[in-house]
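Please look through the sequence and the structure below before reading on. The report that follows describes the chain, then its ligand site.

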Amino acid sequence: MARSFVMALAAVATLALVVPAHAQDGGANVWLKSACANCHGNLADGDGDPAYPPGPSLRKTKLDADLLRETISCGRPGTKMPFHLDGAYTKTSCYGVPVGAVPDQTAKGAQLTEQQIKTLVDFLVANVVGQARLNKKYCAAFNEGNQNAPECLQYPQ
Ligand code: HEC
């Protein structure tokens, strides 16, 4: 009896820990946990890990918020850019094609909600797009706002 009570408490405590962390996902966290940096670089400047397919600098992209959302959600079939919306193609139409199977040669990335993708796009628009010249402020956006993070020391104010 006492033992199952303790186990029930433990289950509640676990839920309490998991739910708020998820709800608080900021754009930088979504970026990090979706592994965008592997291909696009830690600061989205195209300087990715050589072990992964190179992704272009998102600082130089010409895409507006709508096209960013669509590209991140649906990926780019036939390229290494994965789709990231949970249910893209199968439940939510992509690029105007009716819902159906995921097209061939379409990589699958982290599976995000529409809200997480919106948060990520807002973050990219505010801190990345059009900011080709890195500075401490834009670096800090990827480092919990800390301009003195070791990664940011090399950049000008
Ligand atoms: C496995 C490597 C890989 C991962 C992971 C990845 N990308 Fe990409 N991404 C690419 C490649 C390669 C392209 C270029 C596709 C092409 O040739 O059209 C691309 C293109 C893009 C573009 C279009 C840029 C433009 O100007 O046309 C955006 C936006 C983008 N990625 C955002 C993201 C975001 C955000 C994430 C994480 C949620 C992510 N990518 C994860 C490889 C990746």
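## Chain and ligand site

Along the sequence, the secondary structure runs in the order α-α-α-α-β-β-α-α. That gives 6 helices and 2 strands; both are DSSP runs numbered from the N terminus, with helices (H or I) of at least four residues and strands (E) of at least two. This is a predicted model, in which local features need pLDDT of at least 70 and side-chain atom pairs count only at pLDDT 80 or more, while totals for chains, interfaces and linings use all residues. Residues are numbered from 1 along each chain as its sequence is written, and side-chain values use heavy atoms, with hydrogens and water left out.

The chain has 157 residues, of which 36% are buried (under 20% relative accessible area; exposed is over 50% and partly exposed lies in between, with a 1.4 Å probe and protein chains only). Among contacts (heavy atoms within 4.5 Å) with a separation of 6 or more, 45% join residues 24 or more positions apart.

The iron atom of the ligand is coordinated by NE2 of His40 and SD of Met81, at 2.0 to 2.2 Å. Helix α3 (residues 36–40) holds His40, while Met81 sits in the loop between α4 (65–74) and β1 (83–85), so the pair, 41 residues apart, links distant parts of the chain. Donors here are N, O and S atoms within 2.8 Å of the metal (3.2 Å for Na, K and Ca); water is not among the atoms, so sites may look incomplete. The iron site has 6 donor atoms with angles of 87 to 180° and is octahedral (six donors, opposite ones over 155 degrees apart and all others between 65 and 115).

Are the two coordinating residues, His40 and Met81, buried or exposed? His40 counts as buried because its relative accessibility is 10%. Met81 is also buried, at 18%.

Around the ligand there are 23 residues, and Cys36, Cys39, His40, Thr61 and Met81 come nearest (a residue is near if one of its heavy atoms lies within 4 Å). The table lists polar contacts, which are pairs of N or O atoms within 3.5 Å; within protein, one must be able to donate a hydrogen and the other to accept it, and residues adjacent in sequence count only if both atoms are side-chain atoms.

| Side chain | Partner atom | Distance |
|---|---|---|
| His40 | nitrogen of the ligand | 2.8 Å |
| Thr61 | oxygen of the ligand | 2.5 Å |
| Arg76 | oxygen of the ligand | 2.6 Å |
| His40 | backbone oxygen of Pro56 | 2.8 Å |

Beyond residues up to four places away in sequence, His40 touches several others, including Trp31, Asp45, Leu58 and Met81.

Notes
Tetrahedral: all angles 85-135°; square planar, octahedral: opposite > 155°, others 65-115°.
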